[in-house]
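Here are my notes on the model you sent over. I have kept them as numbered points so you can reply to each in turn.

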Amino acid sequence: MSDTRRRVKVYTLNEDRQWDDRGTGHVSSTYVERLKGMSLLVRAESDGSLLLESKINPNTAYQKQQASIATRLLPP
């Protein structure tokens, strides 16, 4: 069976409105009871730690960048 995991980079926008590199990992989606909805999960390829857990929201801007999907998660 081939490996269908998608490798992604995770960035967050800091208080100075600069992008911080949080790491590289593999993205998946699953229902997260605590968030009460389908969510994107990114686990670090280095150690499997959770880099991102984000409930999928129709108001979130998802973009395809260089053959990958990116989401821009802005601080409140």
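1. A quick definition before the strands come up: two strands are taken as paired if DSSP finds at least two bridges between them. On that basis β2 and β3 pair, joined by eight bridges and running antiparallel. Keep in mind throughout that this is a predicted model.

2. The overall make-up is simple to state. The protein chain has six strands and zero helices, so to speak a β-β-β-β-β-β pattern when read along the sequence. Of its 76 residues, 25% count as buried. The accessible surface comes to about 6,100 Å², and 48% of that belongs to carbon and sulfur atoms. On contact range, take the contacts between residues at least 6 apart in sequence: 13% of these join residues at least 24 apart.

3. How are the strands of the sheet ordered? Four strands form an open sheet, in the order β1-β2-β3-β4, with antiparallel pairing. β1 and β4 stand at the edges with a single partner strand each, so one side of each has no neighbour in the sheet. From one strand to the next, the twist averages 40°.

4. β3 deserves its own point. Six of its eight residues are buried, which leaves the strand mostly covered. Towards β2, M38 of β3 has Y31 standing opposite. Towards β4, the pairing is antiparallel over five bridges. There, L41 has E53 as its bridge partner, and L40 stands opposite S54.

5. Now the turns. The hairpin of β2 and β3 has four residues between the strands, and K36 takes a positive phi there, near 55°. In the hairpin of β3 and β4, with five residues between the strands, G48 has a positive phi near 80°. R17 has a positive phi as well, near 60°, and is not a glycine; R17 sits in the loop between β1 and β2. I'd flag R17 and K36 for a look, as both are residues other than glycine with positive phi. As background, most residues other than glycine have a negative phi. R17 is exposed, with a relative accessible area of 59%, and K36 is exposed too, at 56%.

6. How many salt bridges does the structure hold? There are four. In general, side chains of opposite charge can pair when their charged atoms come close. I go through three pairs here, beginning with E45 and R7, whose closest N and O atoms are 3.0 Å apart. E45 is in the loop between β3 (37-44) and β4 (50-55) while R7 is in strand β1 (residues 6-13), so this salt bridge ties together parts that are 38 residues apart in sequence. E45 counts as partly exposed at 39% relative accessibility, whereas R7 counts as exposed at 55%.

7. Next comes the salt bridge between D21 and K9, at 2.8 Å from N to O. D21 belongs to strand β2 (residues 19-32) and K9 to strand β1, and the pair links distant parts of the chain, twelve residues apart. Both ends are partly exposed: D21 has a relative accessible area of 45%, and K9 comes in at 41%.

8. E33 and K36 make another of the salt bridges, with an N to O distance of 3.5 Å. Are these two residues buried or exposed? Both are exposed. K36 is the residue with the positive phi from point 5, and its place is in the loop between β2 and β3.

9. Finally, T24 in strand β2. Is T24 buried or exposed? T24 counts as buried, because its relative accessibility is 18% and the cut-off for buried is under 20%. The T24 side chain makes a polar contact with the side chain of K9, at 3.3 Å, and K9 is also the salt-bridge partner of D21. Leaving aside neighbours within four places in sequence, T24 is in contact with R7, V8, K9, R43, A44, E45 and L51. That list includes R7 and E45, which form the salt bridge of point 6.

Technical notes. Residues are numbered from 1 along each chain as its sequence is written. This is a predicted model: local features need pLDDT of at least 70, side-chain atom pairs count only at pLDDT 80 or more; totals for chains, interfaces and linings use all residues. Side-chain values use heavy atoms; hydrogens and water are left out. A salt bridge is a side-chain nitrogen of Lys or Arg within 4 Å of a carboxyl oxygen of Asp or Glu. Helices (H or I, at least four residues) and strands (E, at least two) are DSSP runs, numbered from the N terminus. Buried means under 20% relative accessible area, exposed over 50%, partly exposed in between (1.4 Å probe, protein chains only). Contact means heavy atoms within 4.5 Å. Accessible areas come from the Shrake-Rupley method with a 1.4 Å probe; for residues, only the protein chains shown count as cover. Axes are lines fitted to C-alpha atoms, for helices over the stretch in contact, and angles run from 0 to 180 degrees between N-to-C directions. A polar contact is a pair of N or O atoms within 3.5 Å; within protein, one must be able to donate a hydrogen and the other to accept it, and residues adjacent in sequence count only if both atoms are side-chain atoms.
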